[in-house]
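Here are a few short exercises to work through with the structure open beside you. Try each task before you read its solution.

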Amino acid sequence: MITKIKPDKQKSESLKKMAVVTLERLGKTEIEKYPSNTLLDYYDTIHKLMEALTLKGGIKIKGEGAHQELIDYIAKQNKIDEQTRQFLQQMREYRNRTSYEGFMINKNYIDLNKEKIQKIINH
């Protein structure tokens with residue numbers, strides 16, 4: 001559910017800082033050795049950055065399906081192309097399966113998509 005709120009620049013900045021910390025930790029990890037954890041960290045970083053954007057703009061997305069709705073909202077507002085939106089939704093699905101079902105990410109997924117993920121984070 002998308003809700004209008006007072007812009008929260010302080011929380012937005014805190015989320016960005018947490019995303020940076022997560023990336024710093026990830027940089028000290030053997031990402032190919034731990035591909036599932038790597039995906040979780042990459043997704044967590046992207047999610048924090050997307051939420052930081054919405055909070056700064058006075059939007060809060062919560063409730064059932066909030067992550068999916070957040071991705072769609074950010075894609076629409078920031079003119080992210082459909083291929084990237086679908087990729088983010090796929091990452092979300094993999095993250096959910098990893099977190100809730102014990103799904104293991106193959107290291108090839110990280111190898112093949114690392115650059116794309118880093119471009120998304122930088123965007």
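A salt bridge here is a side-chain nitrogen of Lys or Arg within 4 Å of a carboxyl oxygen of Asp or Glu. Keep in mind that the model is predicted.

**Exercise 1. A pair within a helix**

Task: Find the closest N and O atoms of Arg85 and Glu82, and decide whether the two residues form a salt bridge or not.

Solution:
- Step 1. The closest N and O atoms of Arg85 and Glu82 are 2.7 Å apart.
- Step 2. The cut-off is 4 Å, and Arg85 and Glu82 do form a salt bridge.
- Step 3. Now look at the spacing: because Arg85 and Glu82 are 3 residues apart in helix α4, about one helical turn separates them.
- Step 4. Glu82 is partly exposed, at 42% relative accessibility, and Arg85 is partly exposed too, with a relative accessible area of 21%.

As background, side chains of opposite charge can pair when their charged atoms come close.

**Exercise 2. From a pair to a network**

Task: Work out which helices are joined by the salt bridge between Arg85 and Asp72.

Solution:
- Step 1. The side chains of Arg85 and Asp72 meet in a salt bridge, with 2.8 Å from N to O.
- Step 2. This pair links distant parts of the chain, with Arg85 in helix α4 (residues 82–101) and Asp72 in helix α3 (residues 66–77), 13 residues apart.
- Step 3. Asp72 has a relative accessible area of 30%, so Asp72 is partly exposed.
- Step 4. Put the pairs together: Asp72, Glu82 and Arg85 are linked in a network of salt bridges.

**Exercise 3. A polar partner for Asp72**

Task: Say whether Gln89 is buried or exposed, and which side chain it meets in a polar contact.

Solution:
- Step 1. Gln89 lies in helix α4.
- Step 2. The relative accessible area of Gln89 is 6%; buried means under 20%, so Gln89 is buried.
- Step 3. The side chain of Gln89 makes a polar contact of 2.9 Å with the side chain of Asp72.
- Step 4. Leaving aside neighbours within four places in sequence, Gln89 is in contact with Gln68, Ile71 and Asp72.

**Exercise 4. Another charged pair**

Task: Identify the salt-bridge partner of Glu51, then classify Glu51 by accessibility.

Solution:
- Step 1. The partner is Lys60, and the closest N and O atoms are 2.9 Å apart.
- Step 2. With a relative accessible area of 15%, Glu51 is buried.
- Step 3. For the wider tally, the count comes to 9 salt bridges.

**Exercise 5. The largest pocket**

Task: Describe the largest pocket by its space, the residues closest to its centre and the make-up of its lining.

Solution:
- Step 1. The largest pocket holds about 290 Å³ of space.
- Step 2. It is lined by 15 residues, and the closest to its centre are Leu49, Met50, Leu53, Ile121 and His123.
- Step 3. Three helices, α1 (9–27), α2 (35–56) and α5 (107–122), each supply at least two residues of the lining.
- Step 4. The largest share of the lining, 6 residues, comes from α2.
- Step 5. Sorted by class, the lining has 10 nonpolar, 3 polar and 2 charged residues.

Conventions. Residues numbered from 1 in each chain as written. Predicted model: local features only at pLDDT ≥ 70, side-chain atom pairs only at ≥ 80, totals over all residues. Heavy atoms only, no water. 1 Å grid on protein atoms, 1.4 Å probe; cavity = no way out; pocket = protein on both sides within 12 Å on 5 of 7 lines; lining within 4 Å. Points joined across faces, edges and corners; volume = space filled by probe spheres on them. Helix = DSSP H or I, 4+ residues; strand = E, 2+ residues; numbered from the N terminus. Nonpolar A, V, L, I, M, F, W, Y, C, P; charged D, E, K, R; others polar. Buried < 20%, exposed > 50% of the residue type's maximum accessible area, 1.4 Å probe, protein only. Polar contact = N/O pair within 3.5 Å; in protein donor to acceptor, adjacent residues only side chain to side chain. Contact = heavy atoms within 4.5 Å.
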